[in-house]
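Here are a few short exercises to help you find your way around a new structure. Try each task on your own before you read the worked solution.

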Amino acid sequence: MSEAETNPAPAPPLMCPSAQPEMEDSVVLGVLENTSAGQRLAWLEKPQPVTLQLLALTGEVDPRQIFRFAARCEESRCVHFDGQDCRLAARIVQILPVAVDALPPCRLRPTCRWYQQEGRAACLRCPEVVTQLENPTAEMVQAATPQ
Ligand code: SF4
């Protein structure tokens, strides 16, 4: 037996799809677009690592109002983690309406904590999630608030 067979590579860390740019392994997941239904995420074909140059592209505007970021899940260092699950993902699925009826073309899926935990139901609501809420709906506030 080869060493690779006896010592399989560890699974890659799970990623949070609504993260802050300064978090570990952060990437730009997509760009927020204004639509008649509110802000919606338009996925980048491939998530891009966060760099100072990339953040500078938004000028005076907070990059979180333009981009949505993903980063390594902080687990017990995050207020939404209960020791096993992401309660934010659970609340999003319970509270928010479906935003789309087909899975978004998302390259994060193999390592996304929300997808791993909630499956397709998380993806169908993911486009309407805005990390930095400016004018949140009551449902958004409820979903974002730890209980
Ligand atoms: S679309 Fe699904 S897999 Fe992609 S970031 Fe959103 S919840 Fe995760």
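**Exercise 1.** Find the residues around the ligand in this predicted model, then sort them by class.

*Solution.* Start by listing the shell: P17, P104, C106, L108, R109, C112, W114, Y115, A122, C123 and C126 surround the ligand. Next, ask which elements give two or more residues to this shell; they are α4 and α5. Finally, count by class: 10 residues are nonpolar, none is polar and 1 is charged.

**Exercise 2.** Work out how the buried residues of helix α3 are arranged, and name elements that cover them.

*Solution.* First, pick out the buried residues of α3, which spans residues 87–95: they are L88, A89 and I92. Now look down the helix axis: these residues fall within an arc of 100 degrees, so they line one face of α3. A general rule helps here: an α-helix has 3.6 residues a turn, so residues three or four places apart point the same way. Last, look at what covers the buried residues of α3; this includes α4 (113–118), α5 (120–125) and α6 (138–144).

**Exercise 3.** Locate D25 and E75, and decide for each whether it is buried, partly exposed or exposed.

*Solution.* Begin with D25, in the loop between β1 (15–19) and β2 (27–35). D25 is not a glycine, yet its phi is positive, about 60 degrees. It has 16 C-beta neighbours inside 10 Å, so D25 counts as partly exposed.

Then move to E75, in the loop between β4 (67–72) and α3. The phi of E75, also a non-glycine residue, is positive and near 45 degrees. Because 15 other C-beta atoms lie within 10 Å, E75 is partly exposed.

Definitions and conventions
Residues are numbered from 1 along each chain as its sequence is written. This is a predicted model: local features need pLDDT of at least 70, side-chain atom pairs count only at pLDDT 80 or more; totals for chains, interfaces and linings use all residues. A residue is buried if 20 or more other C-beta atoms lie within 10 Å of its own, exposed if 12 or fewer, and partly exposed in between; C-beta atoms are placed from the backbone. Helices (H or I, at least four residues) and strands (E, at least two) are DSSP runs, numbered from the N terminus. The arc is that of the directions from the helix axis to the C-beta atoms. Two residues are in contact if their C-beta atoms, placed from the backbone, lie within 7 Å. A residue is near a molecule or strand if its C-beta atom, placed from the backbone, lies within 6 Å of it. Ala, Val, Leu, Ile, Met, Phe, Trp, Tyr, Cys and Pro count as nonpolar, Asp, Glu, Lys and Arg as charged, and the others, Gly among them, as polar.
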